[in-house]
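Student: Could we go through this structure together? I would like to begin with the core and then move outwards.

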Amino acid sequence: FTAVSAAQVSNQTVDETVDNDILEISQSDEIISSTVSSENLSSSYLVLDNDADKEDIVVGEEVTWIITASNLGQDTAKNTKVYNKLPQGLKYIKHSTTKGTFNPKTGIWNIGNLSIDDGIVELWITTLASTNGKMINKAYIVTDSENSNINESYEEEEIDVFEPEKK
């Protein structure tokens, strides 16, 4: 696993090493609750979540991916970006964010500086299923600052897309 900084992920291009790193990272399916408080952290502490509004859909239906980011650390995370890898078989429809900008061509959500005062920031991406199968949406958060929560910087969400029933 090679760490990457937000400077290595730009809105213009996606470096292939970032994509390879994302594919090589494996995370436990177990959700670990944290009792970390912002008082005892001396750096940024980024938390990333990636969910879908539906787990099972039919070809031709829409699914919305909800990606959230927050910083529970004392220090502001500078130049924070999320790289979101939509799976093949999903067609991009639209998006909205509560902070920053998203480029659907590169998959980069440029959040900018993220402090504890920002709370949870969100990106919603609506897609249309064009093929059936398991679809895995991958998201990876990076910052130019120290992130003391490197273990939760990658998140993936899986849905199942089925063929429509024949009438």
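**Core, fold and contacts**

Tutor: In the largest nonpolar core, which has 24 residues, Ile-67, Val-82, Trp-109 and Ile-159 touch the most other members. A nonpolar core here is a set of buried Ala, Val, Leu, Ile, Met, Phe, Trp, Tyr and Cys residues joined through side-chain atoms within 4.5 Å. Buried means under 20% relative accessible area, exposed means over 50%, and partly exposed lies in between, with a 1.4 Å probe and protein chains only.

Student: Before we continue, what kind of model is this?

Tutor: This is a predicted model, in which local features need pLDDT of at least 70, side-chain atom pairs count only at pLDDT 80 or more, and totals for chains, interfaces and linings use all residues. Residues are numbered from 1 along each chain as its sequence is written, and side-chain values use heavy atoms, with hydrogens and water left out.

Student: Which strands supply at least two residues of this core?

Tutor: Strand 1 (46–52), strand 3 (62–71), strand 4, strand 7, strand 8, strand 9 and strand 10 each do so. Helices (H or I, at least four residues) and strands (E, at least two) are DSSP runs, numbered from the N terminus.

Student: And what does the secondary structure come to overall?

Tutor: The chain has one helix and ten strands. Along the sequence the pattern is α-β-β-β-β-β-β-β-β-β-β.

Student: How much of the chain is buried, and what share of the contacts is long-range in sequence?

Tutor: Of the 167 residues, 40% are buried. Among contacts with a separation of 6 or more, 77% are between residues 24 or more positions apart; contact means heavy atoms within 4.5 Å.

Student: What is the accessible surface of the chain?

Tutor: The accessible surface is about 9,200 Å², and carbon and sulfur atoms hold 46% of that area. Such areas come from the Shrake-Rupley method with a 1.4 Å probe, and for residues only the protein chains shown count as cover.

Student: Changing topic: how many salt bridges are there?

Tutor: There are three. A salt bridge is a side-chain nitrogen of Lys or Arg within 4 Å of a carboxyl oxygen of Asp or Glu. Side chains of opposite charge can pair when their charged atoms come close.

Student: Where does Asp-118 fit in, and with which residue does it form a salt bridge?

Tutor: Asp-118 pairs with Lys-99, with 3.0 Å between the closest N and O atoms. The two residues are 19 residues apart: Asp-118 is in the loop between strand 7 (108–114) and strand 8 (121–129), and Lys-99 is in the loop between strand 5 (90–97) and strand 6 (101–103). Asp-118 is partly exposed at 30% relative accessibility, and Lys-99 is partly exposed at 22%.

Student: What about Lys-134 and Glu-158?

Tutor: Lys-134 and Glu-158 form a salt bridge whose closest N and O atoms are 3.4 Å apart. Lys-134 is in strand 9 (residues 133–142) and Glu-158 is in strand 10 (residues 154–162), so this pair ties together parts that are 24 residues apart in sequence. Lys-134 counts as exposed at 57% relative accessibility, whereas Glu-158 is partly exposed at 39%.

Student: Which residues does the salt-bridge network join?

Tutor: Lys-134 also forms a salt bridge with Asp-160, the closest N and O atoms being 3.1 Å apart. Bridges that share partners thus join Lys-134, Glu-158 and Asp-160 into one network. Asp-160 is partly exposed, with a relative accessible area of 21%.

Student: Which residues does Asp-56 contact, leaving aside neighbours within four places in sequence?

Tutor: Asp-56 is in contact with Asp-160 and Phe-162. Asp-56 lies in strand 2 (residues 56–58) and is partly exposed, at 49% relative accessible area. Its C-alpha is 5.9 Å from that of Val-161, although Asp-56 and Val-161 are 105 residues apart in sequence.

Student: Thr-68 next: buried or exposed?

Tutor: Thr-68 is buried, with a relative accessible area of 15%, and it is found in strand 3. Not counting residues up to four places away in sequence, Thr-68 touches Val-47, Leu-48, Asp-49, Ile-120, Val-121 and Glu-122.

Student: Lastly, what is the phi of Asn-79?

Tutor: Phi of Asn-79 is near 50°, a positive value in a residue other than glycine. Asn-79 is in strand 4 (residues 77–85) and is partly exposed, with a relative accessible area of 23%.
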